[in-house]
Structures are given as structure tokens and as C-alpha cells.
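Visitor: Could you take me through one part of this model up close? I'd like one chain, looked at from the outside in.

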Amino acid sequence: MAADQPLHDEEYVLWQRFKSGDQEAFALLYEQYVGILYNYGYHITPHTALVQDAIQDLFTDLWRTRQNLSDTTSVKYYLFRSLRRKIHRLSETYQTLQSIPESDNLPDIPHILSQEALRIEKDTQEELIRQLQQALTNLPERQQEAIRLRFFDGFELREVASIMQMNEQSVRNLIQRSIKKLRQAFELLPVLMFCHQFI
Amino acid sequence: MNYSSFKSEDFLMDPAFVQWIKQDKYNDFWENYQKKHPHQALEIQRARLIIQAAATLPVAPLSDDSRIGMWQNVQQKVVSNTAYEAEVPTRHTPFRSWVWWAAASIVLVSGWLGWQALRPPQAVSTAYEQLMDQTTAENQKLIQHTNASNRPMLISLPDGSSALLQKDSRISYSAQEYGTSKREVLLSGEAFFEVVKDPQVPFYVFANELVTKVLGTSFTVQAYEADREVNVFVKTGKVSVYTNKEFETRAKPGKPEKEAVVLSPNQLITLHRESLRLSRIAMESSKLRVPQTQTSFEFDDTPVTQIFKLLEETYGISIVYDQQRLSACKITASLTDEPLPEKIRLLCQGLGASYTISDKSIHIYSNGCN
């Protein structure tokens, strides 16, 4: 499911069928994208009813305006971008969108690095991925969103920028800032190994 | 490209590197590169782990019921606006992928629903539909949830209140107005409500011929179209009930609201729909699904797994968590009539855990306690 690949023939055919009013193709599009769209929306706002509503609107509008739609280069990219707009518009009407408090701070961890880190055992590696994921979910919202779009959903940087309505350089900065914070999780590693010896 | 001075963050910004990790592309190049630049092994390993961590983040689960329900809503909206043919034309194009089968089953269900929607309106529409018509007449956008499954469905309302929707039940509310100027929901069927306190904005449930008004409390309303009665049971707090008629003609601001019948905790009131008479009946004789527990949850250094189990039993919603990892976690907390999503939020705050809430289940993500 990589967005950084040219539109597959299959996807192109499906899109054409959909545009010409083929309901089967419409159902297929829904089935193919609803899960990842929901996941993306959910991480913009945990208000599930709002996300579901936005997805419904998205597909309803998609069908209604199908004749005006262009031959998009990536259906996935198009849907993500539209969903994001819809969620932001809807949350203005709801006016109760609860944003996750922005905390830029991960706990300060003493910087101890050793060559030991290179010999990462499988358990430790899994533990480390968990730590990283925990750190990821503590990132400020926009950093999380950019990281997710780039590495989870597989969009290219320019696509991430366009989805988030930012320029590419700002997205670059955003991602670099979050990576710096994620790197702190690595400093946990020697600490973890230390703990293991005593448990 | 000269990578020799690259740190992990530089590798992460490089498309070719990301494609190598995620899609196994350019394998030869990167393996060769690693051999020649052993001093960068740690940076490469870090970049790889960050990509792997981000790419395997837990997915917010979308239940089958929601997925199908949302599709049905899309179909209904589309039907009401265009000449969308209800019947899906049969095609003989050979589709082999499972996706097609999944989609095909949805089309079948929705095709049937589409047909239902296109049926000429019946002579008498149901109370719920009448209520919906009144609301939609004012140009309101309604959000509707339908529980067609056998398990209760947890609906989070925009103000933080929640409704535990029982089977064969529907609930809807205005997208624009709910939570701002008023808190009004329409119900057909049965739901257990936990309402966030807000004395400025009362919470109303319109169900068949009965209106229930609360300021912040928990209670169950049972109002199935086919039943001859509407029941309201109060678990905590105070609840006022009116018949629709009383509600429309009720006292204007400043005058006392004489018609309201006020219920206290553990009281049940029944409206006989034909005679529109209200009567209190004994709790034992009703079949209401009220979460059967004490009204407050007091936990003193209690294992959190035990708390989750209690909440699961109480609400009939499944809570998914790593039992082993949470086995050492204990919590001291006093929970009362907060809505379930708020209870979960508080518990997770205490645990330092994150969580996701969907209709059917709650997922807890935690690294455990040591």
C-alpha cells in the first residue's frame, strides 16, 4: 500500500469505473480505503463519531461529484486530503474537538551510549520498538500526523505536505524535530539492559 | 548521493533509504553500503527502528458493524439525493480477490436497504421517524448510530457523555447544535446514558411519546417501537420525565414546571403509550438492561486488570489489554457516575497508558508497571 508508487493499472481502472457511475466500483473503493481512512482520522481526533461522520460525508460527496473528479494520480492521497479537510470543518461545527494536550517534553534521560547497543537482542529490539511507539504517541499532534503519514501510510514528503496544507520544507522540519525527540528513546536502551540484569 | 556523513535523521529523510526498509528495494546497494561504512551501523539501526516503530503502530480498530453501518448511511444519503438505482446490476467480470467478496456482501446489504428507503412511505410513520422529520425540517444535519448487532455499542457524544446502545436500537442527534446550545438525542430502542454534568445545558432524550430531562446523571431509557410502554430507570442523580404533549405545553421560563415527574436513584417509571399514563413500577418486574453494579467504584490499590474486568461485566463492552504486562499495575481511584469514556481516560492517566475507544471495544496500550 505504498503511495509513492505510480497509480497501478488496477487502481486506474477501478477509478474510471467508479467515475462512470459503477456502484460496484464505488463499494470496492469504500471497502479498500475505509479502514486506513478511519485510522488516519482517529489520530487527528479521538472523537469517533465525528470521524465516522466525516468518512460518510467524504464518500457521499465522492459519489455525487464523481463526474467532476479528475484522473487523480493517487486515489489514496486524494481521499486522505479530502478527509482531513472534512474533519477540520466538522470539528468547527462540533466545537468540542478535544485536542490532546501538546507536550513537547519526554522525560529527560541521561545520555549513556555504548557499543553494547549494536548487539541488540531480539527481545530488546521489540522492547525498543515499544518504547519508540510510546514516545511517538506522546509527540505533539502535528508531528505525530506527519510521521504517521510518511512512515505508516507511506506518503511521499510532498504528498504529506499537501495533505497537511504546509510547504515541504516545514514538513521536513516537523519530521526532523520529532525524530530528535524519538532518538531520546534510544538512550533508554542501556538503562533497560541494566534493569534486565536485576530482575 | 554521499551518505557517509549521514546521521539517523538524515537517513530517515532519504526516500531511497525508506524504500529499502519498507519495501525491500535497493537491497544490494544498502547491504554493500553497510559493509563499507561500519561506523554508521548504529545510525542506520536507529533509523530502521524508528521506521519500523512508526509503520507498526497500533491501528484504531473499525468494527464490522460500524463499517457496514457507515456504508449504509452513505447509501441512504446518496439514494435520497440522486436516482441511485437500488438494485445492483449483476456483472460477470471475473473478480478473484477477496476484497470483491467483502464488497459484494456490502452491496447486497445496502441494496436491500436502498430498496427499503425507496419504498413508498407507510401510512403511519414511527414515533422516531416523526421526531426525526421535525428535526430535519429545521435544516439540521443528524448523526445517527444504529446497533444491529447482539452486543451493546458504546456511543461517545460530543460533550463527553456516552450512550450504551442496546441491540435493535437507534440514536441520533444534531451535528450542529448538540453540545453548544442544547443537548438533545432521539432514541428508538434502549440505551443506558451517562451524562456529563452541565446545569446550563440540560440533556434531553426524546423516545416515543416520552421526554426525559436531566442535568447530569446516569439512567436507562427503553422505548422500542413495538412495545406498549416506555420505561425510564434512574441509576444516579435526578431525572424529570414528561410526555411529549406536556413537554410542548410546559411552563415557559420563569414558571414552575409542574408537569414533570421527578425520579430519584433506583426508581423506575413506565409510560403506557396508549393512555399516556405514567406509573412507577417495581424494579424486579422490568427487563431493563441497567448496568448491574454499585453506583460507585471505589478502588484501593486494586489490580487494574480486576477493574477492567469489572467494567467489562458492568457495561458489556470488551476491553482489550495485555494481561501479562498489566498484571503488576495497581490503582487507587474513586469513580462514580462519570461516563465510561471518562472512566477509561482517568484510569489510563493513572496508568500512563494510551487507549482507543470504538463502538465495540476499548483498547489499552501500556508498557506495564514495574
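Visitor: About how many Å² does chain A expose, and what percentage of that do carbon and sulfur atoms supply?

Guide: Happy to, and bear in mind that this is a predicted model. Chain A exposes about 9300 Å², with carbon and sulfur atoms supplying 49% of that area. As for what gets covered up, 56% of the chain's 199 residues count as buried.

The architecture is easy to describe: chain A has 9 helices and 0 strands, so going by the definition of those elements there are no DSSP strand runs to look for. Take the contacts in chain A with a separation of 6 or more, and 74% of them come from residues 24 or more positions apart.

Now go inside. The largest nonpolar core has 81 residues, and those with the most contacts inside it come from both chains: A:Phe18, A:Leu37, A:Ile55 and A:Ile175, together with B:Phe11 and B:Phe17. Helix 2 of chain A, residues 23-44, gives the most to this core, with 13 residues. As a general point, nonpolar side chains in soluble globular proteins tend to be buried together.

A:Ile55 is a nice place to stop. Setting aside neighbours within four places in sequence, A:Ile55 is in contact with A:Val34, A:Leu37, A:Tyr38 and A:Leu83, and also with B:Met70 from the other chain. There's a second, separate core of 33 residues too; among its members are B:Ile171, B:Ala207, B:Val232 and B:Ile269.

Back in chain A, have a look at helix 6, residues 141-152. This helix is largely enclosed by the rest of the structure, because 10 of its 12 residues are buried. The buried set isn't just nonpolar side chains: it includes A:Gln143, A:Gln144, A:Glu145, A:Arg148 and A:Arg150, alongside A:Ala146, A:Ile147, A:Leu149, A:Phe151 and A:Phe152. Just after this helix, A:Gly154 takes a positive phi of about 75 degrees.

A:Gln165 also has a positive phi, near 55 degrees, and this one isn't a glycine. Most residues other than glycine have a negative phi, which makes a value like that worth a look. A:Gln165 sits in the loop between helix 7 (157-163) and helix 8 (168-186), and it counts as exposed because its relative accessibility is 58%, where the cut-off is over 50%.

Chain B offers a residue to set beside that: B:Asp24, with phi near 60 degrees. B:Asp24 lies in the loop between helix 2 (15-23) and helix 3 (27-36) of chain B, and is exposed, with a relative accessible area of 55%.

Key: Residues numbered from 1 in each chain as written. Chains lettered and ligands numbered in written order. Predicted model: local features only at pLDDT ≥ 70, side-chain atom pairs only at ≥ 80, totals over all residues. Heavy atoms only, no water. Core = buried A, V, L, I, M, F, W, Y, C linked by side-chain atoms within 4.5 Å. Buried < 20%, exposed > 50% of the residue type's maximum accessible area, 1.4 Å probe, protein only. Helix = DSSP H or I, 4+ residues; strand = E, 2+ residues; numbered from the N terminus. Contact = heavy atoms within 4.5 Å. Areas by Shrake-Rupley, 256 points an atom, 1.4 Å probe, with all protein chains shown as cover.
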